[in-house]
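Q: Please give a close account of the site around the ligand in this model. Which residues and elements form the shell around the ligand, and what contacts do their side chains make?

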Amino acid sequence: MAIEIITIPDLGGAESVEVIELCAAVGEAVEQEESLVVLESDKASMDVPSPVQGSVVKYLVTEGDTVKVGDAIAEVETAEAQVSAEPAAPEPVVAETAVEEPAVETPVASEETTTSEQIALVPDIGNDDKVELIEISVAVGDQVEEGETLVVLESDKATMDVPSTLTGTVKQIIAKEGDKLGTGDQVALIEVTRGASAPAVEQEQAETTPELAADKPVEVVKPAAVAATPETVTSDSAEIYAGPAVRLFARELGVDLSQVSGTGPKGRIQKDDVNNFVKSALKSGGNTGSGSGAGIPQVPAIDFSQFGEIDTVKLSKIQKVTANNMQRNWLNVPHVTQFDDADITDLEAFRKSLKAEGEKRGIKVTPVAFLIKAAAAALVANPEFNRSLAGDGENYVQKHYINVGMAVDTPRGLVVPVIKDADKKGIWEISSDVITMATLAREGKLKPNDMQGGCFTISSLGAIGGNGFTPIVNSPEVGILGVSKSQMKPIWDGSDFQPRLMLPLAISYDHRVINGGDAGRFMTYLVKILSDIRHMTL
Ligand code: CAO
């Protein structure tokens, strides 16, 4: 048995084309010359036939992917060694070639060393979701060390480096930019060279089956489980089943294809579908773009270059998601924002008194840590803020756990890591969590799980400045605290003005779930415990 990696053959001049159909199911037998995938350029569709007979182990592309000559599209398991019928396709990949007289295609095993080709996989990324490959950090021929970054993945909320689990030379990059990868998916083929002291079992196996060297399966390196089926892609544009010509047509008309129903095979969107959509939108006076609908006029597209020099810069995925979420939350949530100042003179004195011990522990106690602790206490005391509206509009969900998110501004965009069980943690532990999460956020190494499960969010601009701002609720949470810069102010104590350090706070809340009275109580409680942190211990 051998695994053949099937690649895109010469496309007759087409640069890059779209995969519009996967023709066989995983596990299905394919004959030589039977179609594996259908591609579509802006001019024509073309079938990519399998150069071998076998069964499909895995597709390495999904519908909607853009591919070019030489890209790997599928793994096909063949019954015996076959020379690829497709001259442009690379030779079969061979693994663990501790063979004395290797076949021409197989890597060399000298007396001193054995060479094997192994596949580096995506390690555990913390959940079952597939995330987009946004950057390939190595090139074919590069020497990589174990732990060195092979590719970078980006989820809705964070980017993550995928380190190589192997040391060796990159022979082939199996994944490509735009692919959706999850734990266990294949990233790259690495040629690993080992010393002569290869394990006995490998030697023996190789000696007994030298003629099958080319038939041996590619060795898959940690973790063992490899995703066996192509996942449904989840990115907005990839979910849309339409060819590039139709996409271009839709772009020209300003049509958001996610709103168009396809009438072609398997729901594929055709040019007529776009035409009909525009006609019916014009008739009903609606809009055709990605605006919110509901009669909200769109901001017109403007060619700014007519006014001066400009650059157009692609938004990062996080920036796009943030933009969508902000618009969604702003339009869906009836916001009210309430303001107050907390007297943090004593709190700051206490925080500063912890400095020496903090240095010993290697932890900086930041103001945000106290705000998280105080918000957690306020959520316990005011459970209305620890609710979410249920999707049915008939119920709300009361949460009995307290997880507090903190907004962190990073070069890639805004992310909100979550401090879990903040009510059960002391200031040292919260401070340590804050530093860890903020560092991971800035390095783009947060895992999806680090950003899930929040009940309430804090957005602090205190280190930057400002008197106040109105934060947007991070729905489905119902409250968010905006913190501005503290200032010394003269505060009347009944007989004199006293210099007190006052911290401006703003709480925005979802008025569908929280009444003004609830918010007033929450804010008053928060101000009380920040002004006298002994209340936090009660
Ligand atoms: N008023 C006045 N000064 C403040 C302040 C406030 N509300 N909050 C923080 N500061 C001061 C701190 O005291 C600190 O000064 P010292 O070093 O002299 O103590 C300085 O500003 C820097 O603060 P920090 O960054 O150490 O602490 P933090 O509690 O503000 O934040 C952390 C901690 C890890 C969250 C932070 O480093 C960070 O990443 N902040 C990002 C905040 C952010 O991106 N906000 C964007 C929100 S967008 O919606």
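A: The account below treats the surroundings of the ligand. The model is predicted, with local features requiring pLDDT of at least 70 and side-chain atom pairs counting only at pLDDT 80 or more, while totals for chains, interfaces and linings use all residues. Residues are numbered from 1 along each chain as its sequence is written, and side-chain values use heavy atoms, with hydrogens and water left out.

Of the 23 residues around the ligand, Lys 364, Val 368, Asp 409, Arg 442 and Ser 459 come nearest (a residue is near if one of its heavy atoms lies within 4 Å of the molecule). The shell comprises 12 nonpolar, 6 polar and 5 charged residues; Ala, Val, Leu, Ile, Met, Phe, Trp, Tyr, Cys and Pro count as nonpolar, Asp, Glu, Lys and Arg as charged, and the others, Gly among them, as polar.

At least two shell residues come from each of helix 8 (367-381), strand 22 (408-410), helix 9 (427-443) and strand 25 (456-460). Helix 9 supplies the largest share, 3 residues. Helices (H or I, at least four residues) and strands (E, at least two) are DSSP runs, numbered from the N terminus.

Oxygen atoms of the ligand lie 2.3 Å from a polar side-chain atom of Arg 442, 2.9 Å from one of Lys 364, and 2.7 Å from an N or O atom in the side chain of Ser 459. Taken alone, the ligand exposes 940 Å², of which the protein buries 71% (Shrake-Rupley method, 1.4 Å probe).

Terms used
Polar contact = N/O pair within 3.5 Å; in protein donor to acceptor, adjacent residues only side chain to side chain.
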